[in-house]
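This report goes through the fold of one protein chain, its packing, a pocket and some local backbone features. The sequence and the structure come first.

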Amino acid sequence: MLLAAALVLALAALVAAGHAMHREHRSRHELESARARLARMDAELPKREQETAVAANALRRDVRVSFEVNEARYDRAVVAHLLQDFRDVAGGEEAIYWRWIPERDSLAPSVWSSDGTRPAYFSITEWAPLVQWSAEGGIIQTVGQDELVHVGAAPVMQGETLLGVLSITHRSGLGLDRTALREWLPRLALQLATVQELVDVRRRYGRHMRQSQAMLDAVQRLQGDKTGEGLARALCETALDVSGARAAALIRWDAEADSGEVYFATEATGLRAPASLDGASVVAEACRSGKLHVLEDACGLTDGQSLFGIPRAIQGSGSVAVVPLTKDGRTLGALVLEAEEIGALTQDEARPLTVLGAVVVGSLELMWQFAEVDKR
């Protein structure tokens with residue numbers, strides 16, 4: 001009797017050991033498979049170009065857009081490779097991340113696992129209402145017969161905020177049955193939300209760092225020559241790099257005398273400094289107000305004379321920004337930028353210029369005071 005019990009216990013131990021070895025083998029296989037997928041994703045991701053030093057021109061709109069387009073392309077590749085992994089895990093043909101558009105209460109395909117400019121295997125007429133329902137109801141949706149599922153969809157959430165929907169489809173049926181799919185879809189959607197959040201944070205951080213480095217470069221360029229024409233030239237040329245404008249002029253303003261002069265101007269302005277400013281000109285009025293003045297459509301200043309009140313033979317400007325140089329509530333001058341195209345200069349383009357003005361206004365005031373002493 002005891003021998004029989006011992007044999008039963010030994011057999012049970014062998015069975016348990018067999019199950020344990022099977023689970024260990026399966027776990028090792030899953031781990032190796034996951035490592036292989038990560039290695040494949042890393043190898044297939046587009047290699048980012050070597051980071052170069054950010055110069056002052058990174059504040060220009062066209063340069064900013066170029067940076068952001070390249071970053072968006074890389075981020076999209078990251079998410080696309082993640083979706084390919086989701087597709088393979090679920091045994092699907094295609095996985096799609098649908099972005100939720102709050103203002104339209106609708107979804108739009110953002111990234112997908114298949115190649116091409118649009119999803120290749122998703123049936124809009126059959127499956128789109130299901131994906132929309134998953135977003136609006138915040139629930140997991142599956143469509144198929146019995147345990148065979150053709151499409152599964154799960155909302156992608158960030159806290160209480162709906163980011164979109166993850167869909168995985170196969171026209172002949174997914175590799176996971178309905179029960180397994182309902183278990184896996186929420187986990188995959190959570191992973192997608194985490195990656196998307198990290199991508200968004202990295203993009204905001206990168207934008208902030210580029211702006212900071214570009215502004216630092218611009219400020220450092222102004223430290224080279226702090227006297228005379230050198231500082232004025234550095235300010236105007238740096239402003240051109242920062243804004244992408246075609247011409248710049250530095251105005252010196254005397255609030256007590258209610259008058260001003262063009263102290264320095266780049267060649268494209270058509271001005272020769274020094275030149276007296278007309279008191280009725282646009283620039284003079286901006287100096288009196290001491291406020292940023294941006295004309296996104298400056299086509300009314302066809303001959304450029306009403307801008308400074310000085311005749312000049314140049315092509316009219318498409319847009320103009322007048323950035324006042326103020327200190328302790330007093331307007332000491334202004335930085336005037338002209339661009340060829342309408343809308344090329346906006347409030348956003350002019351904002352970094354106010355920082356540059358604040359950096360140099362103290363040096364300009366001291367320089368102009370010394371000039372007055374020399375004159376007297």
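Helices and strands are here DSSP runs, of at least four residues for a helix and at least two for a strand, numbered from the N terminus. The model described is a predicted one.

## Overall composition

The secondary structure of the protein chain amounts to eight helices and 11 strands. The chain has 376 residues, and buried residues make up 41% of them. Among the contacts in the chain with a separation of 6 or more, 61% are accounted for by residues 24 or more positions apart.

## Nonpolar cores

The largest nonpolar core holds 28 residues, of which Leu235, Leu250, Leu335, Leu337, Leu353 and Leu364 touch the most other members. At least two residues of this core are supplied by each of helix H5 (228-243), strand E6 (247-254), strand E10 (319-327), strand E11 (330-339) and helix H8 (347-375). The largest share, eight residues, comes from H8. In soluble globular proteins, nonpolar side chains tend to be buried together.

Leu337 may serve as an example from this core: leaving aside residues up to four places away in sequence, Leu337 touches Ala239, Leu240, Ser243, Ala245, Ala247, Ala248, Ser319, Val320, Ala321, Leu345 and Leu353. A second core, separate from the largest one, has 26 residues, and Val156, Leu163, Ile168 and Ala193 are included in it.

## Helix H6 and the loop after it

Within helix H6 (residues 282-289), the buried residues include Val282, Val283, Ala284, Ala286 and Cys287. H6 is followed by Gly290, whose phi is positive, near 70°.

Leu292 has its place in the loop between H6 and strand E9 (293-295). Leu292 counts as partly exposed because its relative accessibility is 29%, and partly exposed residues fall between the limits of 20% and 50%. Apart from residues up to four places away in sequence, Leu292 touches Val322, Val323, Pro324, Gln347 and Ala350. Leu292 and Leu335 are 43 residues apart in sequence, and their C-alpha atoms are 9.9 Å apart in space.

## The second largest pocket

About 550 Å³ of space lies in the second largest pocket. The pocket is lined by 17 residues, and those nearest its centre are Arg252, Trp253, Asp254, Ala255 and Glu372. By class, its lining has nine charged, four polar and four nonpolar residues.

E6, strand E7 (259-265), E11 and H8 each supply at least two residues of the lining of this pocket, and the largest share, five residues, comes from H8. H8 also provides the largest share of the largest nonpolar core, eight residues.

## The loop between E2 and H3

Ser114 is placed in the loop between strand E2 (106-112) and helix H3 (124-137). Ser114 counts as buried because its relative accessible area is 12%, and the limit for buried residues is under 20%. The side chains of Ser114 and Glu94 are joined by a polar contact of 2.3 Å. Not counting residues up to four places away in sequence, Ser114 touches Glu94, Pro119, Ala120 and Tyr121.

Tyr121 lies in the loop between E2 and H3, and counts as partly exposed because its relative accessibility is 33%. With residues up to four places away in sequence again left out, Tyr121 touches Glu93, Glu94, Ser114, Trp127 and Arg171. Between Tyr121 and Glu94 the separation is 27 residues in sequence and 6.5 Å in space, C-alpha to C-alpha.

## Backbone geometry

Most residues other than glycine have a negative phi, and most peptide bonds are trans. The peptide bond from Ala273 to Pro274, however, is cis, with omega near -5°. Pro274 is found in the loop between E7 and strand E8 (275-276).

Asp105, in the loop between strand E1 (94-101) and E2, has a positive phi near 50°, and is a residue other than glycine. Asp328 likewise has a positive phi, near 55°, and its place is in the loop between E10 and E11. Asp328 counts as exposed because its relative accessibility is 68%, and exposed residues are those over 50%.

Note on methods:
Residues numbered from 1 in each chain as written. Predicted model: local features only at pLDDT ≥ 70, side-chain atom pairs only at ≥ 80, totals over all residues. Heavy atoms only, no water. Core = buried A, V, L, I, M, F, W, Y, C linked by side-chain atoms within 4.5 Å. Buried < 20%, exposed > 50% of the residue type's maximum accessible area, 1.4 Å probe, protein only. Contact = heavy atoms within 4.5 Å. 1 Å grid on protein atoms, 1.4 Å probe; cavity = no way out; pocket = protein on both sides within 12 Å on 5 of 7 lines; lining within 4 Å. Points joined across faces, edges and corners; volume = space filled by probe spheres on them. Nonpolar A, V, L, I, M, F, W, Y, C, P; charged D, E, K, R; others polar. Polar contact = N/O pair within 3.5 Å; in protein donor to acceptor, adjacent residues only side chain to side chain.
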